[in-house]
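Here are a few notes to read alongside the model, with helix packing taken up ahead of the pockets. I hope they are handy while you have the structure open.

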Amino acid sequence: MAFKKTIGTLISGALLTSFLVGCTSGNEKEPEETANEPKEPPTEESLSPEEGAHLVLWDNGDEEAEWAAFVAEAFEETYGVPVELQEVGHTDAPTKLETDGPAGLGADVFNAAHDHLGKMVSAGLVYDNYYASDYKETFMDASVNGTSYLDQDGQLTMYGFPLAIETYALYYNKDIVEEPPSTWEELFTTAKAFQEESTNNERRFGFMMEPANFYYTHAFMAGYGGYVFGDQNTNAKDLGIDNEGAIQSGHFLASIHDELLPLAIEDITGDVISSFFNEGNLAYRISGPWDVRNHESAGVNFGVAPLPVLENGEAPQSFSGIKAYYVNSYSEYPKAATLLAQFASSEEMLLKRYEMTGQLPPVKALVENELIQQDEISTAFLEQALQAVPMPNMPEMISVWGPMQVAYTSIWNDGTDPEKALKAAREQIEDAIATLSP
């Protein structure tokens, strides 16, 4: 059962005395003996740093570390609270906190990938976002939903302070096609025309993607009306991976194989796709911002655009990943930690993060920011992010990836009927989820 810790009710001496049992040289905090009486829940006016507060912040290295150091310095200047930055990767932090948190050794604020949230909440490792109502108004829906989790009371509670959103979109070679297609019908037409120019010495493809990778194929499934879990990916008892829309998306994927990409799954790896695009022998591909430098270094004249509209008039709904700061529920200074997370995810700091790292801020207003609008690639990814669905952050999601890969491989390589393949995947997922239940 999910274990929710709320900053308003858990800022108490009991929390400090019970859990702060140790320290490290990186986070030298001594437990204090305090009265076992809860403090009054803070109001916005009273949410100020605790006397003598000093914080530890975990974040990634390289450019992200430079940004985090900038934030730490600005925060200390504003609130007079020193912040020690330690390099702990955002994918490693949740696991590290499982042991360091209860021992009083963890960071007060840490960066984590949103799809770890369910596990963190269940373990009672994070406070909820005290400013959630403000974030729901100003941040992209995907970033809010991705950093929220259904607690034991059936309430969808926001825990994260979003920093960046990442999704995939359509890359196109500008030397092959002047403008990106607005519909998949247009893409099929231009892709076919290009690949007809193939020769015995130089094979060309109009379009490539990784067709067995559910991270990418989810865009089509959701665009046609399929879904992973019901109630906006909070109800694992309701699977939508084999409903009418999901089956339709399986037929659409099969048409890509038959008309554009008649290769076996095993021959369509990320490296193969990159090579064809870098060599000018591929008109379109689907990928994320992680391939921008790759293609720039190869000298490709390319652009990025949101995924084209499907035949039903709906936009494909790509999966998105959200990096966010979270407040450690074992922090000795929960008020100061909450203020640091809020300060770091302000529009000013997130715009600075974009300048320093190139990572996209999930704030609605910043989509129209002049600095971002000057970069057509960033703008395209942000536009796609507005249509994105955050990867489910429920622990049950681990049971989905494998069966969906098997289903799409069967559809693609063997020509299996999509309804049969997806219903088989559903049975496998249900069986796997059943083994997770206590």
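1. Let's begin with the crossing of α9 and α11, which is right-handed (the near helix is turned clockwise from the far one by less than a right angle; anticlockwise would be left-handed). Helices here are DSSP runs of H or I with at least four residues, strands are runs of E with at least two, and both are numbered from the N terminus. The model is a predicted one, in which local features need pLDDT of at least 70 and side-chain atom pairs count only at pLDDT 80 or more, while totals for chains, interfaces and linings use all residues. Residues are numbered from 1 along each chain as its sequence is written, and side-chain values use heavy atoms, with hydrogens and water left out.

2. Helix α9 spans residues 214-223, and its axis lies 7 Å from that of α11 at an angle of about 125° (axes are lines fitted to C-alpha atoms, for helices over the stretch in contact, and angles run from 0 to 180 degrees between N-to-C directions). That angle makes α9 oblique to α11; under 35 degrees counts as roughly parallel, over 145 as roughly antiparallel, 65 to 115 as roughly perpendicular and the rest as oblique. Thr 217, Phe 220 and Met 221 of α9 make the contact with Gly 245, Ala 246, Ser 249, Phe 252, Leu 253 and Ile 256 of α11 (contact means heavy atoms within 4.5 Å). By class, this contact has six nonpolar, three polar and no charged residues. Nonpolar covers Ala, Val, Leu, Ile, Met, Phe, Trp, Tyr, Cys and Pro, charged covers Asp, Glu, Lys and Arg, and the others, Gly among them, are polar.

3. How is α8 placed against α11? Helix α8 (residues 184-195) packs on α11 (residues 244-259) at about 20°, with the axes 11 Å apart, and the two are therefore roughly parallel. On the α8 side, Trp 184, Phe 188, Lys 192 and Gln 195 meet Phe 252, Ser 255, Ile 256 and Glu 259 of α11. Four of the residues in this contact are nonpolar, two polar and two charged.

4. The axes of α3 and α14 (residues 334-344) come within 10 Å and cross at roughly 120°, so α3 is oblique to α14. Trp 67, Val 71, Ala 74, Phe 75, Thr 78 and Tyr 79 of α3 meet Ala 336, Leu 339, Leu 340, Phe 343 and Ala 344 of α14. The class split is 10 nonpolar, one polar and no charged.

5. Now for the pockets. About 800 Å³ of space lies in the second largest one, and 32 residues line that pocket, with Glu 166, Pro 289, Thr 357, Gly 358 and Gln 359 closest to its centre. On a 1 Å grid over the protein atoms alone, where a 1.4 Å probe fits, a pocket is an open set with protein on both sides within 12 Å along at least five of seven lines, and lining residues have an atom within 4 Å of a point. α15 (347-357) is one of the elements supplying at least two residues of this lining, and its four residues are the largest share.

6. The largest pocket has a volume of about 1200 Å³ (the space filled by probe spheres set on the grid points, which are joined across faces, edges and corners). Its lining divides into 24 nonpolar, 19 polar and seven charged residues.
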